Each structure stands twice: as structure tokens, then as C-alpha cells.
Amino acid sequence: MGNEMRAAQSVTTSSIANKEHNVTEASLASKPTSIPTMVRAIDLVLLMLILPIWAPLLLASMAYCRLFRGQALETIYFFDGQSRVRPLYRLYQGTHLAALPSIWNLIRGDVSLIGDRLQLALTQAPDAPSRPGLINFEHLYLRMGLSYESPEAAIDGAFLSPQGYLLALVRTLTMTLLAPSLPGSRHSLSLFGLKIANLSMNQLLERMLAACERQGAMERYCFVNADCMNISCDNRAYHHNLTQADLILADGLGLRLASRLKGTPLGDNLNGTDMFPLLCERLAKSGHAIYLLGGRPGIAQLTADKMQARYPALNIAGTHHGYLDSEQETAKVIAQINASKASILLVAMGAPQQEFWLAKHQAQLNVAVGIGVGGLFDFYSERIIRAPLWVRQIGMEWIARLLAEPARMWRRYLLGNPRFLYHVLIETISKTISIKLRRAPHSSQAQTRNKTQAGQAALARQISTPRLDGRTQSAQLKRSAHALRLSLNRISKRLLDILGAGILLILLTPLLLLTALLIRLESPGVILYSQQRAGLNNKPFTMWKFRSMYQDAEARLAALKASNEMDGGVLFKMKRDPRITRIGKLIRKASIDELPQLWNVLKGEMSLVGPRPALPSEVSQYSLSDRRRLSVKPGITCIWQVSGRSDIPFDKQVLLDVDYIYQQSLWADIRLLLKTIPAVLFARGAY
């Protein structure tokens, strides 16, 4: 029993800490206190599906604990939904798999998979009626940086219907994958030369109110997301601006993933849109005023009206749109802000304009806090509808923004997010290499001293490493970083090829089958056409295409050589090639004939992006300069494919391919793949 009590106390003090819940007695009385039948059914079905994996894993874990820790299981006690004390079984001296035996409680119906936090039986009665779950939303919210959100509504929704419970399970799985552990306790995250504060939402609000009380020089805060970080890499003025801010605050899933890659998991997800109502609530109690500047004409005022209705005691000192076209108008607005006696100024002009504006006029503004908030007013004026709460909870609000405004947002999210994470990975690994290089000389000297003391002075002199000066270390670091970047490019390119080709083959299966049927119906012969092509370093491979010509096409080629319309004589192209079938013309125009090459991509013989694979007969006519095309894997699409295709002469194709070879990156490949879509749809230069 002593072990059980110690385990119970350990769980109580570490992972199941009590939080204050403002729940009325009426709501507690109306809250269900038993697990609905439909929830039990779903839990049991899911349990049966995982049983073949769970049972052997549990037995192996129990055997390990018994052999190496002397005891297999430990027991703690908790209150179920009926306020009855129940035992909860766990692996002794918990590991990552400690909760495996707890599934027995799921079978008995003591708990559900997801629900309220477990209330340990250390008191006479539970704090409140509950629906205990092995996984609780309160813990997940902490992982996702949502400590300022109440999990009660999510739990209530999960227990209303089978669909709600299944959706809650999907959300739980997503949140667990994105945030496998609790955030760290470090005060800041260093990223791209910027110091990002690691605060909770409550700490941020308290700091803002403390600044309002002091009424000293204006403090300037900046929210940054993945897009802002990308801009800071390209815009030195913006990067410098951020370094001069009093606080840089992390906003969005991209920064949270980056923080985990850097080994400094962030606390709360801090963004202006979530902060705004919480700030207004506190300002309504403290009496400090707020000024709203930015957005289209009328949007800031509409936002103010809606927040005033929500918090009647809130003092909104004034509003103004963000279109300040002259210094005179700007000076007039600054005078209005100062005359309003506002303590907090929210500026919604978009990054980086809002940060530049605040920095430029910081000395003139008599406010306690100035903060850029992007498109906040658009959301609270309801000009733009924000994503549902459950989408925001799993960190996928960017997908909703992309679907709502694809023309404006596709570059930011589809190109910007991968680019940001790529730069984070490069910075993280480069820093690791730098640390190892700095430590290497000291380690070598220590080895030398030890061996000298052991009487091996001669051997030590042979193997000791001379101390590198700063210039040599810097050059070595640059070479290592360059080699690392090339290696990461190759790895990321291969991953993109495998994922892209695999997904496309699955999605396009109906189109592939229809094309094969039409080819067979029009003309006799094989459906797929194979041909030897030159691959990486001129290594031959078999390339596959849908047959778009008649069976005797190769035999008729010699007679048509004189009609070649491609400059340079290396490639053969005719706009009205008589060897092409009717279906062949259609699939060539839409580039459907190239789709079987996705199989070559999966095999590693080709890439999604790269110079088009050449025939051996064409390679034999290459000049030494032309052979540079063979230094990378051939691809399905390339620069000249999206710039005019067959209308571009051969020498220009070579120049474009060589330009790609020297500038290739994951970012460049994604950009070319996206450019391929309109090139195929409009069939520019295709024949």
C-alpha cells in the first residue's frame, strides 16, 4: 500500500495537477456523470482493433518490469463518474508505456478513452462529477499551447453523439502527434538570430497591464509566424526591426514545430486574435483604454462596436483606418491617439508594415504598449469568418485561411511553410556542427595531456590536432554547412519524389485505366511504351510512357528527319507528326502520356523535377557543355517545361537545365511543380 500511495502522490504532484475551473453548481448538476452507451461501444470496437498489438506489448512490458524492477504493476485509486473509488493499474515505476495496463479500466467501463482528468481518491469525495478519460483534453491543451482555453466545451461536444466522439478522437490523435510532450520552461527561443519570448498568455496579459500601470516609454511587441520569419530572412530592415522590439511572440503551428526541432518547446500559442478578447476583458476590469488603428475604413470601428457590446465596461478610446497616405495625416492620427489617453495601441496594417510604423513613431506615441496584430480587426468585425474552434485547436487554422482565400494565401502556406521548416532544420544542424567544431580542439588537447601523463608522449605528438584559428574554423564550418545543405537537399528531394509520386499514382488510377482503355480501342499494339533513356551520369534506364504513336513510328522516323522543326538538330519535334494517333494528340497535349514515369520516380531512376531524360542517340550529339544536364537525375518536369516546352530551342533548354542544377532546392522543386499545373492546363508549347 505504501508503493500505491507514493505512486498516487507522484501522479498528483507531477502530471495531474489541479487547475481552477469556474463551473457553477447548476452546470455541474446538469453534467452527465456516467459514460454513455455509444461511447462505450466505440471504445470497445477500437480496443478490439488494437488488441493484437496491445496484448503482446503489455505482456513484454510487464515481464521487463518484473525482471528488472522487481514488480510488474502498481495501483492508484481514482473516482469514476459515479463517485466510486476504482483501482487504476499502471506499469511499475512508470515508463513511456506506463498506461498500457489502464486499458483494463476501459474494458470495465471505469473510464473512456477521452474525457475529464482523473480525480485521485486522496480526498473524501471528488471535486465535481466527471467523465474520466485515459486521455484528457486539459493535458492536450497544455501541449498545444492552449492553456487559456477551457476544455469543458470540447468534452461536452464529444459526449453528445457518436460523430462528436469520433471527431474528438481524431483531434486527440492529431494533437498528440503534433505535440508529443509538454512544453519546456525556458524563457526564450533563439531562431534566425531573433529572441522569441516563451510566455503563457496569462503572463503576456499581466505584463501588458503592468506596463499600463507604469505609463512609461512605449513597449513594442511583435507577433511572428512562419511567414514573418521568412520575410525577416529576405528583409534585413524587418529583421533589425524585430531585434529592437521589447517582446517577440510566437504565433502558429510552424513556430511550435520549429521550437521542438530546436529543443525548446514553446508554451502558449500567442496570437493577437486569441489575445484580443482576453485583453478586452481585463481592460474592462482595470479601466485602461485601448485604441484600434488599421484595417479598411469602418472595419476598426465595427470591431470596436462589437467588443463594446461584449464588454460594456471596456473603454475604447478611438479608432482609425490604416490608410495613412501622408505625413500630415499620420501626425494627425498620432495626435488623436495621444489625446485619447489610450494605454494600449493595436495596429492592424499587416507585417512588416505595422512593425515599421510602430518603430518609426515609437518616440511620438504616448501609450504604454504598441503591438501589431495583422488581420485581427477583419475577424472581429466578421468581415472574414475565422476557422471553427476545433480547427484552431489542432493547429490547422492555416488550412482554413488557404481554402477561404486560395489566390492570396497559396504562396504563403504551400511554399512558405516548407521553406521555413527547411531553414529551421538547416540552422539547427549547422549549430550542432559549429558546437562540435569548437569543442574538437579542446578535446584533442585533453587527449594529448592524458597520453603524455601515461608515458606516451611520442604517440601523443603524432595524433594531436593543432588548434584552429578563427578563420580556419569559419572556413571549415562553411564547408561543412554547404555539404550538409547539399545532403539535406538530396534527402528532401527524394522524400518529395516518393510522397508525390505515390500519392499521384493512387489519385490518378481511374485516369490511368481510362487512358489505357482508349489507347487499346483506337489502335492495336502495346499500351505502355518503353524506351532506353540516359539517367544520372549517363546511366541507361527504361523509361515508361503511354503509347501515343502508331506501332511503326520508329520505322517512319528516318523518312521524317528532314521535317524536324526543333532547332539544333539534337531533338526531333513536329507540330503535325503523322505518326501520332488521335488519342495520342490528346494525351500529349495534357501531358497524360508522361504519367507512367511516376513509376520511374518511385524506383529512383527519375525525379519529379529535373532535366528531361534524353535518348542515347541525343546524348551522343551532346557537346561537353551539354553533358552537364546528366549530372542530376532526369525529371518529369523542369524549368523549360513550364516556360514554353517544345517552343524553346535545344541550346536554351540546356541553359535552363544547367541553371536549375546550380540552384536546385526543395523550395525550387515545389515552385516548379506548382508552375507545372497551369503549364499543363493551358498546354503551352505541347505537341
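# A guided tour of the predicted model

Ser591 is buried, with a relative accessible area of 15%. Select this residue to begin the tour, and bear in mind that the structure on the screen is a predicted model. Ser591 belongs to the loop that connects helix H24 (582-589) with helix H25 (597-603). Its backbone also deserves attention: the phi angle of Ser591 is near 60°, which is a positive value in a residue other than glycine.

**The whole chain**

Now zoom out to view the protein chain in full. Its secondary structure comes to 28 helices and 17 strands. The chain has 687 residues, of which 46% count as buried. Consider next the contacts between residues at least 6 apart in sequence: 71% of them join residues at least 24 apart.

**An open sheet of three strands**

Select residues 73-79, which make up strand E1, then add strand E2 (85-91) and strand E4 (119-120). These three strands form an open sheet in the order E2-E1-E4, with antiparallel pairing. Which strands stand at the edges? They are E2 and E4; each has a single partner strand, so one side of each is left without a neighbour in the sheet. In general, the strands of a sheet pair through backbone hydrogen bonds, either parallel or antiparallel. Between E1 and E2, which run antiparallel, there are seven bridges. To see one of the pairs, display Thr75 together with Tyr89, its bridge partner in E2.

**Strand E8 and its parallel partners**

Move on to residues 219-224, strand E8. How many of its six residues are buried? Six of the six are, and the strand is thus described as mostly covered. Both faces of E8 are covered. On one side, Glu219, Tyr221 and Phe223 are buried, and on the other side Arg220, Cys222 and Val224 are buried as well.

Next, add strand E13 (residues 369-372), which runs parallel to E8 and is joined to it by four bridges. Within this pairing, Tyr221 stands opposite Ile371 of E13. Add strand E9 (residues 247-250) too: four bridges join E9 to E8, and these strands run parallel. Here Cys222 stands opposite Ile248 in E9.

**Two packed helices**

Select helix H8 (residues 201-214) and helix H12 (residues 272-286). Two packed helices are described by the angle between their axes and the distance between the axes. For H8 and H12 the angle is about 45°, and the axes are 11 Å apart. That angle makes H8 oblique to H12. The crossing of H8 past H12 is right-handed.

To display the contact, show the side chains of both helices. From H8, the contact includes Met201, Asn202, Leu204, Leu205, Glu206, Met208 and Leu209. From H12, it includes Asp274, Met275, Leu278, Leu279, Arg282, Leu283 and Ser286. By kind, the residues in the contact of H8 with H12 divide into nine nonpolar, two polar and three charged.

**Helix H11 and the glycine after it**

Go to residues 253-261, helix H11. Which residues of H11 are buried? They are Leu253, Leu255, Arg256, Ala258 and Ser259. Continue along the chain to Gly263, which follows H11 and has a positive phi, near 80°.

**A cis peptide bond**

Select Ala351 and Pro352 and look at the peptide bond that leads from Ala351 to Pro352. This bond is cis, with omega near 5°. Pro352 is found in the loop between strand E12 (344-348) and helix H15 (353-360).

**A loop with a buried and an exposed residue**

The last stop is the loop between strand E14 (528-534) and strand E15 (540-546), where Gly535 lies. Is Gly535 buried or exposed? Its relative accessibility is 3%, and it therefore counts as buried. Leaving aside residues up to four places away in sequence, Gly535 touches Phe541, Leu630 and Pro634. Select Arg629 as well: this residue is 94 residues from Gly535 along the chain, and their C-alpha atoms are separated by 9.7 Å.

Finish at Asn537, which lies in the loop between E14 and E15. Asn537 is exposed, with a relative accessible area of 60%. Although it is not a glycine, Asn537 has a positive phi of about 55°.

Key: Residues are numbered from 1 along each chain as its sequence is written. This is a predicted model: local features need pLDDT of at least 70, side-chain atom pairs count only at pLDDT 80 or more; totals for chains, interfaces and linings use all residues. Side-chain values use heavy atoms; hydrogens and water are left out. Two strands pair if DSSP finds at least two bridges between them. Buried means under 20% relative accessible area, exposed over 50%, partly exposed in between (1.4 Å probe, protein chains only). Contact means heavy atoms within 4.5 Å. Axes are lines fitted to C-alpha atoms, for helices over the stretch in contact, and angles run from 0 to 180 degrees between N-to-C directions. Angles under 35 degrees count as roughly parallel, over 145 as roughly antiparallel, 65 to 115 as roughly perpendicular and the rest as oblique. A crossing is left-handed if the near helix is turned anticlockwise from the far one by less than a right angle, and right-handed if clockwise. Ala, Val, Leu, Ile, Met, Phe, Trp, Tyr, Cys and Pro count as nonpolar, Asp, Glu, Lys and Arg as charged, and the others, Gly among them, as polar.
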